Amino acid sequence: MEITTKKRLIKYNNKTFSCTTSIAMELIGGKWKSVILIYLVDGKKRYNELRKTISTITERTLSLQLKQLEKDGLITRKVYTKKPPLKVEYELTEFGKSLAPVLHAIAEWGMSVANEKGQFIED
């Protein structure tokens, strides 16, 4: 892929970006979005499954990030209310699934960094 250095502007979601990388980071950037998405690559998960798996995220942050990912069209939220308790599942959309190769590459790179320079801690 060739990266062009000529000046241009891109309009996406009523925002103006100077680079396609900026669009990608708008959608998956930050500390938690890509983490949430990588856990949804293998299939739908309930809110509590995500909360337990990503133990260092606060409930408020998880809730806000899920809402933003849904708004951006990367995940869907399905609520089952026929019988208590309320059940909510999150799943990648087709648009979200198109990120799977990128998310796997980021996770593999992170694993190599952890193996070379980090330390795994048992919970």
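Trainee: In this predicted model, how many bridges join β3 to strand β5, and which way do the two strands run?
Mentor: Strand β5 covers residues 87-92, and one of the pairings that can be followed here is that of Arg46, whose bridge partner in β5 is Glu89. The two strands run antiparallel, and the number of bridges that join β3 to β5 is two.

Trainee: Which strands are the edge strands of the open sheet?
Mentor: Three strands form the open sheet, with antiparallel pairing, and their order is β3-β5-β4. An edge strand here pairs on one side only, and this holds for β3 (45-46) and β4 (75-80).

Trainee: How many residues lie between β4 and β5 in the hairpin that they form?
Mentor: The strands β4 and β5 run antiparallel and are joined by six bridges, and Val79 stands opposite Val88 in β5. As for the connection itself, the number of residues between the two strands of the hairpin is six.

Trainee: At about what angle to β5 does α2 run?
Mentor: Helix α2 comprises residues 33-40, and Lys33 has its place in this helix. The helix lies across β3, β4 and β5, and with respect to β5 the angle at which α2 runs is about 95°.

Trainee: Why does buried Lys33 have no salt bridge, and how far away is the nearest side chain of opposite charge?
Mentor: A salt bridge requires a side-chain nitrogen of Lys or Arg within 4 Å of a carboxyl oxygen of Asp or Glu. The nearest side chain of opposite charge to Lys33 is Asp72, and because the cut-off is 4 Å, no salt bridge is counted for Lys33 at the separation of 4.1 Å.

Trainee: Which residues does Asp72 touch, not counting those up to four places away in sequence?
Mentor: Asp72 has its place in the loop between α4 (59-71) and β4, and Asp72 is itself buried yet without a salt bridge. Lys33 touches Glu26, Leu27, Ile28, Gln65, Gln68, Leu69 and Asp72, again leaving out residues up to four places away in sequence. Seen from the loop, the residues that Asp72 touches are Asn13, Glu26, Leu27, Lys33 and Phe95.

Trainee: Is Ser22 buried, exposed or partly exposed, and what is its relative accessible area?
Mentor: Ser22 lies in helix α1, and its C-alpha atom is separated by 9.7 Å from that of Ile10, which is 12 residues apart from Ser22 along the chain. Buried means under 20% relative accessible area and exposed means over 50%, so Ser22 counts as partly exposed, with a relative accessible area of 29%.

Trainee: Which element of the chain has the highest mean pLDDT?
Mentor: The chain averages a pLDDT of 92, and 95% of the residues score at least 70. Among the elements, helix α1 (residues 20-28) has the lowest mean pLDDT, at 91, whereas the highest, at 98, belongs to helix α5 (residues 94-97).

Trainee: What share of the contacts in the chain with a separation of 6 or more comes from residues 24 or more positions apart?
Mentor: The chain has six helices and five strands, and its C-alpha trace spans about 55 × 40 × 25 Å along the principal axes. Of the 123 residues, 26% are buried. For the contacts with a separation of 6 or more, the share that residues 24 or more positions apart account for is 43%.

Definitions and conventions:
Residues numbered from 1 in each chain as written. Predicted model: local features only at pLDDT ≥ 70, side-chain atom pairs only at ≥ 80, totals over all residues. Heavy atoms only, no water. Helix = DSSP H or I, 4+ residues; strand = E, 2+ residues; numbered from the N terminus. Buried < 20%, exposed > 50% of the residue type's maximum accessible area, 1.4 Å probe, protein only. Lys, Arg positive; Asp, Glu negative; His and termini not counted. Contact = heavy atoms within 4.5 Å. Pairing = 2+ DSSP bridges. Axes fitted to C-alpha atoms, helices over the stretch in contact; angles between N-to-C directions. pLDDT = per-residue confidence, 0-100.
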